[in-house]
Amino acid sequence: MTAEDPRVIEQRGLYYDELEEGVVYAHRPGRTVTEADNVLFTTLTMNTQALHLDAAWSATQPFGQRLVNSMFTLATLVGQSVTQLTQGTIIAQLGLTDVSFPHPLYHGDTLYTETVISGKRPSGSRPGQGIVTMEHTGRNQDGTVVALATRSCLMWTRAAHAEAQHGK
């Protein structure tokens, strides 16, 4: 290796063969959610729910304030796992199940996400690829669970991905 030809390390997720069942992958840093995040996401997605937009009305409701849009919470929950687990190693997201929001997320809360790989198996129809089940848990800064989701993804094995990239 010379100065003209430096070693390059590219950030990526983990391959199917690197993911370990039962391990807790803690995704950091957390994401502090602002009022601007919530209002922008809510209006971009045409969700006119007053619980996300109307501070005066929301103050009269059971939680006493606006709630962060749960779809923003879900997107951030999954998004926080990308760089550590799936960046460049995923082929497709296959589905989300068991999505729940046991406690609201509020403006100013920080979302921290952890993922446990709860299952993995080689694909029966796509050699060099595997199906991985991920259980995402989102907690606020106090450790209160605010979101849960189970996600299944089609992932590359390292060897198959390398072969596919060189075959292009």
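Buried means under 20% relative accessible area, exposed over 50%, and partly exposed in between, with a 1.4 Å probe and protein chains only. This is a predicted model: local features need pLDDT of at least 70, side-chain atom pairs count only at pLDDT 80 or more, and totals for chains, interfaces and linings use all residues. Residues are numbered from 1 along each chain as its sequence is written, and side-chain values use heavy atoms, with hydrogens and water left out.

**Exercise 1. Outline the fold.**

Task: State how many helices and strands the protein has, and give their pattern along the sequence.

Solution.
- Step 1. Helices (H or I, at least four residues) and strands (E, at least two) are DSSP runs, numbered from the N terminus.
- Step 2. The protein has five helices and five strands.
- Step 3. Along the sequence they follow the pattern β-α-α-α-α-β-β-β-β-α.
- Step 4. The C-alpha trace spans about 60 × 45 × 30 Å along its principal axes.
- Step 5. Of the 168 residues, 35% count as buried.

**Exercise 2. Order the sheet.**

Task: Find the order of the five strands in the open sheet, and name the edge strands.

Solution.
- Step 1. Two strands pair if DSSP finds at least two bridges between them.
- Step 2. The order is E1-E3-E4-E5-E2, with antiparallel pairing.
- Step 3. E1 and strand E2 (90–100) are the edges, since each pairs on one side only.
- Step 4. Direction ignored, neighbouring strands are turned by 25° against each other on average. Here axes are lines fitted to C-alpha atoms, for helices over the stretch in contact, and angles run from 0 to 180 degrees between N-to-C directions.
- Step 5. Look at E4 and E5. They run antiparallel and are joined by 11 bridges. Met134 stands opposite Arg151 in E5.

Background: strands of a sheet pair through backbone hydrogen bonds, either parallel or antiparallel.

**Exercise 3. Trace the salt bridges of Glu18.**

Task: Which residues form salt bridges with Glu18?

Solution.
- Step 1. Apply the rule: a side-chain nitrogen of Lys or Arg lies within 4 Å of a carboxyl oxygen of Asp or Glu. The count comes to six salt bridges.
- Step 2. Arg12 is one partner of Glu18, with the closest N and O atoms 2.9 Å apart.
- Step 3. Arg158 is another, at 2.6 Å from N to O. This pair links distant parts of the chain: Glu18 lies in the segment before strand E1 (24–32), Arg158 in helix H5 (residues 158–166), 140 residues apart.
- Step 4. Check exposure. Arg158 counts as partly exposed because its relative accessible area is 40%. Glu18, at 25%, is also partly exposed. Arg12 is partly exposed at 30%.

Background: side chains of opposite charge can pair when their charged atoms come close.

**Exercise 4. Link two strands by charge.**

Task: Where in the chain do Glu114 and Arg139 lie, and how far apart are their closest N and O atoms?

Solution.
- Step 1. Glu114 forms a salt bridge with Arg139, the closest N and O atoms being 3.2 Å apart.
- Step 2. Glu114 is in strand E3 (residues 110–122) and Arg139 in strand E4 (residues 129–139), 25 residues apart.
- Step 3. Glu114 is partly exposed at 26% relative accessibility, and Arg139 is partly exposed at 29%.
- Step 4. Salt bridges that share partners join Arg12, Glu18 and Arg158 into one network.

**Exercise 5. Place Val146 in the core.**

Task: Is Val146 buried or exposed, and which residues make up the largest nonpolar core?

Solution.
- Step 1. Val146 sits in strand E5 (residues 145–156).
- Step 2. Val146 counts as buried because its relative accessibility is 1%.
- Step 3. List contacts (heavy atoms within 4.5 Å). Outside its neighbours within four places in sequence, Val146 touches residues including Phe101, Pro104, Leu105 and Leu111.
- Step 4. A nonpolar core is a set of buried Ala, Val, Leu, Ile, Met, Phe, Trp, Tyr and Cys residues joined through side-chain atoms within 4.5 Å. The largest has 10 residues: Val33, Val68, Phe72, Leu74, Leu77, Leu105, Leu111, Val146, Ala147 and Ala149.
- Step 5. Helix H4 (70–86) and E5 each supply at least two residues of this core.
- Step 6. Another core, of nine residues, lies apart from it, with Tyr16, Ile117, Cys153 and Met155 among them.

Background: in soluble globular proteins, nonpolar side chains tend to be buried together.
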